[in-house]
Amino acid sequence: MAEDKFTAIIVGAGPAGSTAAYMLAREGIDVLLIERGETPGSKNMFGGRMYSYVLHRIIPEFWEEAPLERQVSREVITMLDGEKSASISCQNENWAKPPYHSFTLLRAEFDAWLAAQAEDAGAMLACGIRVDDVIMEGNRIIGIRAGEDEILADVVIAADGANSIISEKAGLRSKLSPADLATGVKQVIELPAKTIEERFNLQPGTGVAHLYAGTCTRGMPGGGFLYTNKSSISLGLVIKASELQKNQHLLVDLVEDFKSQPSIAPLISGGEVVEYSAHLVPEGGISMAPRLFSDGILVTGDAAGFCINLGYMVRGMDLAIASGEAAARSVMEAVKKDDFSANSLGIYKDLLAKNGVWPVMETYHRAPQLLDTRRLYSNYPALLNNLLVEMFTIDGTPPVNLMDKLKQQVKNSNTSFINLIGDAWKGGRSL
Ligand SMILES: Cc1cc2nc3c(=O)[nH]c(=O)nc-3n(C[C@H](O)[C@H](O)[C@H](O)COP(=O)(O)OP(=O)(O)OC[C@H]3O[C@@H](n4cnc5c(N)ncnc54)[C@H](O)[C@@H]3O)c2cc1C
């Protein structure tokens, strides 16, 4: 039964939806934000770090109030090869000073806070409601259906995450293919703040982001992550969904393997697992983006495929917030014209181009293809580790110069200089 009518209904109180709701409510536009979880964030997970620049643009100095964990001041990338590991580390103390570069955070707290900002600005938040369908009048979306309830709106914003049923029901995208998705699995492991600071060589308040490639995914495209929170560690794996399906590996086994790697185990030793979760990651890049708007509808965040995995960084939160911002601005323009047609809402694409989301998607459009290269997950971690171990081992055997060592290791790792050069060239263009 149709009840009230809103100017905008936003489906999903993740970072994309709550940002759009906050911006619209701040302008006095009546907006209903619907979330299927009992509280915003209760159904959400991610690796662990959000880049700050976009939210700072929308809520200046949000770090004064938002529930955040640590300011990330060090990045570490590690290639794992069984007992061996090789890392590159980059530290920048400026990242830990205002306007902080990125923060680790926990979604249950952060998403609830962001949705509360939208509520305080005047948005109506309805939790524990799963939207099942959109209501259409001809080709135009005029509202949503949740169980028996029908609610009308001038515009619906689909902010319902990677597996967006709203964009599918609206006919803006077809069913997702496992080839475009990764499965993420994560544990939160509690440890005292002091222990974390000692183990990771951190100052109170500062944190580190670790990404891993190599044996942690048993050769499947994907990688591991570890982020330090105040008094816990977020640790897990992201693995291409089609590979997991094909190889029939159990995620739980893969995570336990990862945790037992010699370079990881001491970092989490004595910690207690207090949370375990899994979630899809849209990794197909620009090629999996649905139609972003139509009559009476806009698609944002993960629902629009705005998530980038470059191997050395994962970005989804900042793109979700920025696309929520662009969606809200598009609706503000539509309200001024009282025109919610595709023609009017098409300004969304220009706003995404201006606020940086679309350029990110375009710049990294080759990344998904590159990250399908199997050599990145088996041959190269082995090659790098074996070469470094050779370099640093002194055992009385006759010396061999570095070039000969490299030739030998390339041969041992079942690859070739042609592959190496080709992949390095592709990597430079894609990342
Ligand atoms: C393992 C993993 C690691 C990641 N690591 C990082 C990282 O470190 N940094 C980073 O920036 N990004 C990371 N990401 C990506 C990031 O989490 C997403 O890009 C981001 O959460 C997208 O925000 P969103 O608001 O679009 O969608 P979501 O955060 O998925 O929010 C969607 C919301 O919609 C609700 N919803 C869904 N369907 C319905 C429905 N039918 N009715 C009502 N409500 C509904 C959900 O409950 C949810 O609250 C990671 C993702 C995963 C899975």
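This tour moves through a predicted model, from one helix and its surroundings to a helix pair and then to several salt bridges.

Begin by selecting helix 3, residues 107–121, whose 15 residues reach 21 Å from the first C-alpha to the last, close to the 21 Å expected at 1.5 Å a residue. Showing the side chains of this helix, pick out its buried residues, which are Arg107, Phe110, Asp111, Trp113, Leu114, Ala115, Gln117 and Ala118. If you then display their surroundings, you will find these buried residues packing against helix 1 (15–26), strand 2 (31–35), strand 3 (49–51), helix 2 (53–58), strand 7 (124–127) and helix 9 (317–337). Before leaving helix 3, step to Gly122 just after it, where the backbone takes a positive phi of about 120 degrees.

Next, select helix 1 and helix 9 together, which pack at an angle of about 35 degrees with their axes 7 Å apart, and which pass each other in a right-handed crossing. From helix 1, show Pro15, Ala16, Thr19, Ala20, Met23 and Leu24, which meet a set of helix 9 residues that includes Met317, Ala320, Gly324, Glu325, Ala328 and Arg329. The residues of this contact divide into 11 nonpolar, 2 polar and 2 charged. Keep Glu325 and Arg329 on display and add Arg57, since these three residues are linked in a network of salt bridges.

The structure holds 23 salt bridges, and three further pairs are worth a stop. Select Asp154 and Lys5, whose side chains meet with 2.9 Å from N to O; this pair links distant parts of the chain, with Asp154 in strand 10 (residues 149–158) and Lys5 in strand 1 (residues 2–11), 149 residues apart. Asp154 counts as buried at 18% relative accessibility, whereas Lys5, at 51%, counts as exposed.

Move on to Arg374 and Glu243, which form a salt bridge with their closest N and O atoms 2.3 Å apart. Arg374 sits in the loop between helix 13 (367–370) and helix 14 (379–392), while Glu243 belongs to helix 6 (residues 241–247), 131 residues apart. Here Arg374 is partly exposed at 39% relative accessibility, and Glu243 is buried, with a relative accessible area of 8%.

Finally, select Asp423 and Arg375, whose side chains meet in a salt bridge of 2.7 Å, N to O. Asp423 lies in helix 16 (residues 417–430) and Arg375 in the loop between helix 13 and helix 14, so the pair ties together parts that are 48 residues apart in sequence. Asp423 is buried, with a relative accessible area of 7%, while Arg375 is partly exposed at 24%.

Definitions and conventions
Residues numbered from 1 in each chain as written. Predicted model: local features only at pLDDT ≥ 70, side-chain atom pairs only at ≥ 80, totals over all residues. Heavy atoms only, no water. Helix = DSSP H or I, 4+ residues; strand = E, 2+ residues; numbered from the N terminus. Expected span 1.5 Å × (residues − 1). Buried < 20%, exposed > 50% of the residue type's maximum accessible area, 1.4 Å probe, protein only. Contact = heavy atoms within 4.5 Å. Axes fitted to C-alpha atoms, helices over the stretch in contact; angles between N-to-C directions. Left-handed = near helix turned anticlockwise from the far one by under 90°. Nonpolar A, V, L, I, M, F, W, Y, C, P; charged D, E, K, R; others polar. Salt bridge = Lys/Arg side-chain N within 4 Å of Asp/Glu carboxyl O.
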